[in-house]
Amino acid sequence: MKKIILLAFILFVSCSVRSNISDSTNLIEISLPTMQCNMCVDNIENSLKKVDGIVKFQVILNDLIVKLKYDIKKTSQEKIELAISNSGYKANAMDANVEAYNKLAMCCKLPEDRK
């Protein structure tokens, strides 16, 4: 009987913790209109891995978006967009950081900027 009560208590606590986590997360899509190739995908993924609070993400080259889930207690959409911008890419309405953009490989630059 004690084992059943203990098991029920553990199950109750684990469900409560999960609900708190899901209550503090947000699922969004960010437009990445300047993404050009798989190297861009790698660059954006590397910048997102450095943002504390992102739970999971998927960069989709064909749709020029990133879908992500983040903890709203640890980060914000603006901070995520800034991380993408600082890696040289436009994120929604936030323009790419010019210095970072200029350091990108030629294949990652917009066609009109390839020289």
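1. A residue counts as buried when its relative accessible area is under 20% and as exposed when that value is over 50%. By this reckoning, 33% of the 115 residues of the chain are buried, and it should be kept in mind throughout that the model is a predicted one.

2. As to the overall layout, the chain holds four helices and three strands, and these elements, taken in sequence order, give the pattern α-β-α-β-β-α-α. When contacts between residues at least 6 apart in sequence are considered, 53% of them join residues that lie at least 24 apart.

3. The accessible surface of the chain amounts to about 7,700 Å², and carbon and sulfur atoms account for 56% of that area.

4. Helix 2, which runs over residues 38-49, offers a simple check on its geometry: at 1.5 Å a residue its 12 residues should span 16 Å, and because the C-alpha atoms at its two ends are 16 Å apart, the expectation and the model agree.

5. Which residues of helix 2 are buried? They are C40, V41, I44, S47 and L48, and since these residues cover an arc of only 130° around the axis, they are placed on the same side of helix 2. The face turned away from that buried side carries N38 and K49, both of which are exposed.

6. It remains to say what lies over the buried residues of helix 2: their cover includes strand 2 (54-60) and strand 3 (65-71), together with helix 3 (77-85).

Terms used. Residues are numbered from 1 along each chain as its sequence is written. This is a predicted model: local features need pLDDT of at least 70, side-chain atom pairs count only at pLDDT 80 or more; totals for chains, interfaces and linings use all residues. Side-chain values use heavy atoms; hydrogens and water are left out. The expected span of a helix is 1.5 Å times one less than its number of residues. Buried means under 20% relative accessible area, exposed over 50%, partly exposed in between (1.4 Å probe, protein chains only). The arc is that of the directions from the helix axis to the C-beta atoms. Contact means heavy atoms within 4.5 Å. Accessible areas come from the Shrake-Rupley method with a 1.4 Å probe; for residues, only the protein chains shown count as cover.
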